[in-house]
Amino acid sequence: MVTAEGLAARRQAIAGSSDLQALLAHLVARAAPLLERLPPIPTVKALLSADGGICPDDGAALEFDPWSPHQHRCPRCGKTWSGERHDRHWARFQHLWMAERAAHLAALGALADNSAAAARASEILRAYARSYWTYPNRDNVLGPSRLFFSTYLESIWILNFLAAAVLLRASGRLDDATARGVGQVADEAANLIGEFDEGFSNRQTWNDAALAAIAVWFEDAELAARAIESPTGLLAHLSRGFGRDGLWYEGENYHLFALRGFMTGAGWARAAGVDLGEEPALAGRLTAALLAPALTALPDLTFPARKDSRFGVSLAQPMYLELWEVGLARVGMRDALKDSLTVAGNGMREVASWLKALYGLPAVVPEAFDSYLHDAPVARTPHPASRISLSGWALLEPRVRPAGRRARAPGPAAPHAPRRRHALASGFRYRLVRESGSLLVPLDAGSQRPAVGRRNRGVGRRHV
Ligand SMILES: [Zn+2]
């Protein structure tokens, strides 16, 4: 759980680190416009269309400016476009950006005693609690969604929404009415996400992460079990989605997306009391997954554009740097255990070396990603990569061994049903261990690739 004690420890860690202090100062500066006024919250559901967000003259993607809901500028020809299609394309990024801002502001409330930031974060949560049901769950592309057209986007959104709520709650800054509204949104999101199981799609990693976050919010042991242990849960994604070489089976672009989803989900699993990477075999797989992009990177440290990947995207994008910064913290924790069985071995040194190489690259132009819009509106000028200008995830990432339980690596099949401790009013801690034996996790995808697109309807969280 994120607790008042945990936040106090993080405040102490920030005070003792010049990098983290600089990152916090950066986040305070970035929050200033948000404190001046509430950004526009889209009144419409996002729409995926062939022409929305595209310059009609030259086909360039229009810039995303969170402060400009109706005027959308083309970075190539400089013209400004308007119209419903462009507005509803803008709404996709804006809903995601608003939830990010709620988490950003709540982190400042929780870690820097910034009351104005906490109040603005609560305001964003309440605004969505009021309007969530006005966005219709129809006209979708990949699964049910209210704010978007695909379930995985709802998952990315609810992860930030709940991160904000949990931080405010843990720091005593969430009033009862806002908490109730958050619960109603989370419950509906669980139903949407829970009814659309995408099997071993990279998107399901995010859906699992979202269900884990919702489980933490409600202290719902059954939902946590599903998000983590089910045949398409986080553990299965780690052990089968990422192959023995560490690479996600759908190629580098989806590898990076699934890995970010997994790392996010692992953070929520840890909040539920489970460390998904503490078992040596699982830690080894996670380390391999972190290092896989270093092995297939092109000489200019972009990644190969396989399948439908964009071409020429640098691995020094802030979103990717953050992945390895957080990975460094997690792998570093394990290395510090000096466990002779830890496959991770020199993982921390290798991840650190890889990060150093990326920070040494010439500056890149930051791009907008669904799960990383922290630099928006993005200036189309190269931006030097720096660990003190990332999203703030590092502010919350503990570098000491958590008190969580181990997730077990492959072992003998356990004939018993899992025994779980059900939600308790105080000290929710979901138990992963079986009555006897180890959790069965097949750590070998081999050449077999998992089936995708399996739907598993009707198992979402139900109203309590
Ligand atoms: Zn243009």
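Thirteen is the number to begin with: the structure, a predicted model, holds 13 aromatic pairs. Select Tyr132 and Trp133 to view one of them. The ring centres of Tyr132 and Trp133 lie 5.5 Å apart and the planes stand at 85°, so this pair is edge-to-face. Colour the two residues by accessibility: Tyr132 is buried, with a relative accessible area of 0%, whereas Trp133 has 39% relative accessibility and counts as partly exposed.

Next, select Trp206 and Phe257. These residues form a tilted aromatic pair, 5.4 Å from centre to centre with 35° between the planes. Trp206 belongs to helix α7 and Phe257 to helix α10, and the pair links distant parts of the chain, 51 residues apart. Are Trp206 and Phe257 buried or exposed? Both Trp206 and Phe257 are buried.

Now display the two helices in full: α7 covers residues 202–218 and α10 covers residues 252–271. Their axes come within 8 Å and cross at roughly 15°. An angle under 35 degrees counts as roughly parallel, and α7 and α10 are therefore roughly parallel to each other. The crossing of α7 past α10 is left-handed.

Show the side chains at this contact. On α7, the residues to select include Asn202, Arg203, Trp206, Ala209 and Val216; on α10, their partners include Tyr254, Phe257, Arg260, Phe262 and Trp268. The residues of the contact comprise eleven nonpolar, five polar and two charged.

Finally, return to the rings and select Tyr128, Tyr132, Trp133, Trp157 and Phe161. Ring pairs link these residues into a cluster, which includes the Tyr132 and Trp133 seen at the start.

Terms used:
Residues are numbered from 1 along each chain as its sequence is written. This is a predicted model: local features need pLDDT of at least 70, side-chain atom pairs count only at pLDDT 80 or more; totals for chains, interfaces and linings use all residues. Side-chain values use heavy atoms; hydrogens and water are left out. Axes are lines fitted to C-alpha atoms, for helices over the stretch in contact, and angles run from 0 to 180 degrees between N-to-C directions. Helices (H or I, at least four residues) and strands (E, at least two) are DSSP runs, numbered from the N terminus. Angles under 35 degrees count as roughly parallel, over 145 as roughly antiparallel, 65 to 115 as roughly perpendicular and the rest as oblique. A crossing is left-handed if the near helix is turned anticlockwise from the far one by less than a right angle, and right-handed if clockwise. Contact means heavy atoms within 4.5 Å. Ala, Val, Leu, Ile, Met, Phe, Trp, Tyr, Cys and Pro count as nonpolar, Asp, Glu, Lys and Arg as charged, and the others, Gly among them, as polar. Rings of Phe, Tyr and Trp (its six-membered ring) pair if their centres lie within 6.5 Å; planes under 30 degrees apart count as stacked, over 60 as edge-to-face and the rest as tilted. Buried means under 20% relative accessible area, exposed over 50%, partly exposed in between (1.4 Å probe, protein chains only).
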